[in-house]
Amino acid sequence: MGKATSSTTRKISSIVLMIIFISLALSLTALVLAINFFKDPQVAGFLMVIGFIGAALSTYVLLQTRKRILRLRIETPQITTTIECKKCDFKNVREFQRGDYIFKEVEPCQKCNDKMLITAIYREVKQKGREGFPF
Ligand SMILES: [Zn+2]
C-alpha cells in the first residue's frame, strides 16, 4: 500500500520536473529572442517580461517540489517491530532494527525475564492529509 503511494508520487514528480524544465527552456528561449529583437524595443521588452516571469515561476515550483520530495523521503521508511512475551503476554513495540525477523528471539521480557519473540514487522502508515502538488 505504502509502496504504491510512493511510486505514484515519484511518477507525478518526474512529470512535474519535465514541465518545469520545458517552461524553463521556453523562458530562456524568450530571453535569447529578446536579445535578438533589440532593434524592436516593444517586442524585446515583451519577450523579456515573459522570459523572466517564466524563469521565476519554474524556479519557484522546482524549489517547492524539491522540498516536498525531500520531506516525503524522510517520512516514508518507518518500520515497526512488535515483540511479545510468550509467558506473560507483555508486548513491546520499537523501531525496526537491522537483522530483525519474525520469530527471532530477542532481549528478555521486562516483566518475567523470559525470552521474547518478534511477532510482527510492519511499515507504519501515517494518516496525513492528502497533499497534492501546488497546481
Ligand atoms: Zn514476560
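What arrangement do the four donor atoms around the zinc ion make? It's tetrahedral, because the angles they subtend run from 105 to 116°. Keep in mind that you're looking at a predicted model. Let's start at the metal, then move out through the sheet, the core, the salt bridges and finally the helices.

**The zinc site**

- Four cysteines hold the zinc ion through their SG atoms: Cys85, Cys88, Cys109 and Cys112, at 2.2 to 2.3 Å.
- If you go looking for these donor residues in the sequence, the spacing to spot is C-x2-C-x20-C-x2-C.
- Cysteine 85 sits in strand 1 (residues 79–85), while cysteine 109 is in the loop between strand 3 (105–106) and strand 4, so this pair ties together parts that are 24 residues apart in sequence.
- Are cysteine 85 and cysteine 109 buried or exposed? Both of them are buried.

**The sheet**

- Now for the strands: four of them form an open sheet, in the order 2-1-4-3, with antiparallel pairing.
- Strand 2 (91–95) and strand 3 stand at the edges with a single partner strand each, so one side of each has no neighbour in the sheet.
- As background, strands of a sheet pair through backbone hydrogen bonds, and the pairing can be parallel or antiparallel.
- Strand 1 and strand 4 are joined by seven bridges, in the antiparallel sense.
- Two examples to find on screen: threonine 82 has alanine 120 in strand 4 as its bridge partner, and isoleucine 83 has isoleucine 118 in strand 4.
- How many bridges pair strand 3 with strand 4? Two, again in the antiparallel sense.
- On that side of the sheet, valine 106 stands opposite methionine 116 in strand 4.

**The nonpolar core**

- The largest nonpolar core is made of seven residues: Ile83, Cys85, Phe90, Val106, Cys109, Met116 and Ile118.
- Which elements give two or more residues to this core? Strand 1 and strand 4 do.
- A general point helps here: in soluble globular proteins, nonpolar side chains tend to be buried together.
- Some names should look familiar by now: Cys85 and Cys109 belong to this core, and they also coordinate the zinc ion.
- Isoleucine 118 is a good residue to click on, since its contacts beyond four places in sequence include Thr81, Ile83, Arg94, Asp100, Phe103 and Val106.

**Isoleucine 121, further along strand 4**

- Isoleucine 121 is found in strand 4 (residues 116–123).
- With 28% relative accessibility, isoleucine 121 counts as partly exposed.
- Leaving out residues up to four places away in sequence, isoleucine 121 touches Ile79, Thr80, Thr81, Phe96, Asp100, Tyr101 and Ile102.
- Phenylalanine 96 is 25 residues from isoleucine 121 along the chain, yet their C-alpha atoms are separated by 7.4 Å.

**Two salt bridges**

- The count of salt bridges comes to two.
- One of them joins arginine 94 to aspartate 100, and their closest N and O atoms are 2.7 Å apart.
- Arginine 94 counts as buried because its relative accessibility is 15%, which puts it under the 20% cut-off.
- Its partner, aspartate 100, is also buried, with a relative accessible area of 9%.
- The other salt bridge runs between lysine 115 and glutamate 105, where the closest N and O atoms are 3.6 Å apart.
- This second pair links distant parts of the chain: lysine 115 is in the loop between strand 3 and strand 4, and glutamate 105 is in strand 3, 10 residues apart.
- Unlike the buried arginine 94, glutamate 105 counts as partly exposed, at 45% relative accessibility.

**The helices**

- Helix 1 covers residues 2–36, and leucine 33 is found there.
- Leucine 33 has 36% relative accessibility, so it counts as partly exposed.
- The C-alpha atoms of leucine 33 and alanine 44 are separated by 7.4 Å, and the two residues are 11 apart along the chain.
- Where is serine 58 placed? It's in helix 2 (residues 41–75).
- Serine 58 is buried, with a relative accessible area of 5%.
- Setting aside neighbours within four places in sequence, serine 58 is in contact with Ile20, Ser23 and Leu24.

Terms used: Residues are numbered from 1 along each chain as its sequence is written. This is a predicted model: local features need pLDDT of at least 70, side-chain atom pairs count only at pLDDT 80 or more; totals for chains, interfaces and linings use all residues. Side-chain values use heavy atoms; hydrogens and water are left out. Helices (H or I, at least four residues) and strands (E, at least two) are DSSP runs, numbered from the N terminus. Buried means under 20% relative accessible area, exposed over 50%, partly exposed in between (1.4 Å probe, protein chains only). Contact means heavy atoms within 4.5 Å. Donors are N, O and S atoms within 2.8 Å of the metal (3.2 Å for Na, K and Ca); water is not among the atoms, so sites may look incomplete. Four donors count as tetrahedral if all angles lie between 85 and 135 degrees; four count as square planar and six as octahedral if opposite donors are over 155 degrees apart and all others between 65 and 115; anything else is irregular. A nonpolar core is a set of buried Ala, Val, Leu, Ile, Met, Phe, Trp, Tyr and Cys residues joined through side-chain atoms within 4.5 Å. Two strands pair if DSSP finds at least two bridges between them. A salt bridge is a side-chain nitrogen of Lys or Arg within 4 Å of a carboxyl oxygen of Asp or Glu.
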